[in-house]
Amino acid sequence: MATSSTAAPPASPGHPAGHAALVRDLQNALGAAAVLHLPEDLIAFEYDATIERALPEVVVFPATTEDVSAAVRIAEQHLRPVVPRGSGSGLSGGAVPLTGGVLVVLTKMNRILEIDRANRVAVLQPGVINLQLQEAVAPHGLLFAPDPSSQRVCSLGGNVANNSGGPHTLAHGSTVNHVLGLEVVLPGGRITRLGGRLVDAPGIDLRGLFVGSEGTLGIVTEITVRLVRAAPAVRTLVAVFDSVEAASEAVSAIIRRGIIPVALEMLDREIIRLVEPRIHAGYPLDAGAVLLIEVEGLAEGVDADGAAVEEACHLAGAREIRVAHTAAERDRLWEARKVGIGAIGAASPAFYLLDGVVPRTRLPAVMRGVMETSARYGFRVANIFHAGDGNLHPNLMFDPDEEGATARVLECAEEIMRLCVDAGGAVTGEHGIGLEKRSYMEWIYSPADLAAMHAVRVAFGGAERFNPCKVLPGGHGCASGHGAEAMAAIRRGSDSV
Ligand SMILES: Cc1cc2nc3c(=O)[nH]c(=O)nc-3n(C[C@H](O)[C@H](O)[C@H](O)COP(=O)(O)OP(=O)(O)OC[C@H]3O[C@@H](n4cnc5c(N)ncnc54)[C@H](O)[C@@H]3O)c2cc1C
């Protein structure tokens, strides 16, 4: 990182009017070390985990809620939008500052403020990493149920903004079911509390509204979460199938028996061949797909549920079931699941990770469609996903340097998203709409539905202040279409809305 300069930045043709004054005011309020404005520093903040890119004008690192409030106020005075950012692991372009402005990075607000064991509540700052919280509460026999596969890097603020899920949210529910209260900074820098420490706070549930709003309503500066007791017994097993379709059939067969495993994940052949040589977890290299299944509860219940799951898998065509006998075996099976996406990154110059959701009974047909569509476009596809939730994640592997490949990948992704919607599903299961899927919102919502969402943003202070061009189609200065296309249009100086 280049040294941040306290001197006002020089006027440059690349900077919007008033840039120097904006930087100076932010430096005065937050301290020079908390403000980045040099081009070589800004480059590190132009992306998240998608293929989207856009440079912020300034990046700030608040240390307190008051710093966040000051940054929001100053950005407003200078007519700049504000984009919140956690760890930048988002998979929908949510933290990419499409129209520039002030990027507020919450990573320095990373303290766990309280763990209240008796009431099973924790209070934390938004930059706390998901795994940091899990590790802090585990010695007390507690856990924070939402466990995104990115839990080693993603922040709780990002989890709240995206209403993130994870392998273990099948039985426990996603982030919104585990957030009790929030402190947020709204337009004007106003600091407000939503919800509280109780499960059901009186009044309109603005906490629920804020969770999943993807940084478009304000900035989360403190989070109060519900913790659950770690189950006394757990059984982890792997069911091996010859095809993705057979494994998909087994998913419904298990749930039809009235069993909700705490996790029900699928890894296909491509993924197994990428992770097994690295992790040696015992996934068979010749499998078409495996289901990684976990049941938990009291010991007797776990025995009964485990036996029922095994039977359902055998009847659906599983050729083999392997049970983890030790904690180390279990950890290795999960390790392979958690590093799966990174392994794709190591095997291909680029990949495009899709996130769709379908009723789980439609999984076999939709997965067939995913394989056919990606083959027709000539892309290798690897599937690793939360099968129990019907939440698929096809990963299309491609080379962005190949002429037209990025455009074809986006076209292919759009077809697959269409398959999900036509099957009665939706265009995201957990990664959010962000930049990349806002044009798909019209497939699932009527103009009246979208107008209602827009009205919420207006009520919170307007659609242009926080994270403009995200979630909802349209918006002043936001070209329409996919994020990558929209950015290209904006660079060409077009505003199609
Ligand atoms: C390998 C890999 C695996 C993943 N697995 C999963 C998974 O299993 N489940 C899942 O749900 N997601 C998963 N993700 C996606 C991602 O990790 C989550 O969406 C995560 O919650 C993003 O957190 P972040 O801190 O990185 O947020 P960022 O990417 O920085 O931001 C995400 C969004 O949140 C907003 N935001 C961030 N902080 C705040 C705040 N304090 N206040 C208001 N808005 C804020 C941003 O503006 C943006 O819109 C995965 C990503 C990767 C790369």
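In the predicted model, the centres of domain 2 and domain 3, taken over C-alpha atoms, are separated by 27 Å. The contact between these two domains draws on six residues from domain 2 and 13 residues from domain 3. On the side of domain 2 that touches domain 3, three residues are nonpolar, three are polar and none is charged. Domain 2 spans residues 112-229 and domain 3 spans residues 233-422. The division of the protein chain also includes domain 1, at 19-105, and domain 4, at 438-491.

An open sheet is formed by five strands, arranged in the order β5-β6-β10-β8-β9, with antiparallel pairing. Its edges are occupied by β5 (112-116) and β9 (191-195), each of which pairs on one side only. From one strand to the next, the twist averages 15°. In general, the strands of a sheet pair through backbone hydrogen bonds, in either a parallel or an antiparallel arrangement.

The pairing of the edge strand β9 can be described in further detail. Its partner is strand β8, which covers residues 179-185, and the two run antiparallel with five bridges between them. Within this pairing, V185 is located opposite I191 of β9.

Helix α4, comprising residues 130-137, packs on the sheet. The strands touched by helix α4 are β5 and β6, the latter at residues 121-124. The direction of helix α4 makes an angle of about 35° with that of β5, the strand at one edge of the sheet.

Notes: Residues are numbered from 1 along each chain as its sequence is written. This is a predicted model: local features need pLDDT of at least 70, side-chain atom pairs count only at pLDDT 80 or more; totals for chains, interfaces and linings use all residues. Domain bounds come from an automatic or database domain assignment. Two residues are in contact if their C-beta atoms, placed from the backbone, lie within 7 Å. Ala, Val, Leu, Ile, Met, Phe, Trp, Tyr, Cys and Pro count as nonpolar, Asp, Glu, Lys and Arg as charged, and the others, Gly among them, as polar. Two strands pair if DSSP finds at least two bridges between them. Helices (H or I, at least four residues) and strands (E, at least two) are DSSP runs, numbered from the N terminus. Axes are lines fitted to C-alpha atoms, for helices over the stretch in contact, and angles run from 0 to 180 degrees between N-to-C directions.
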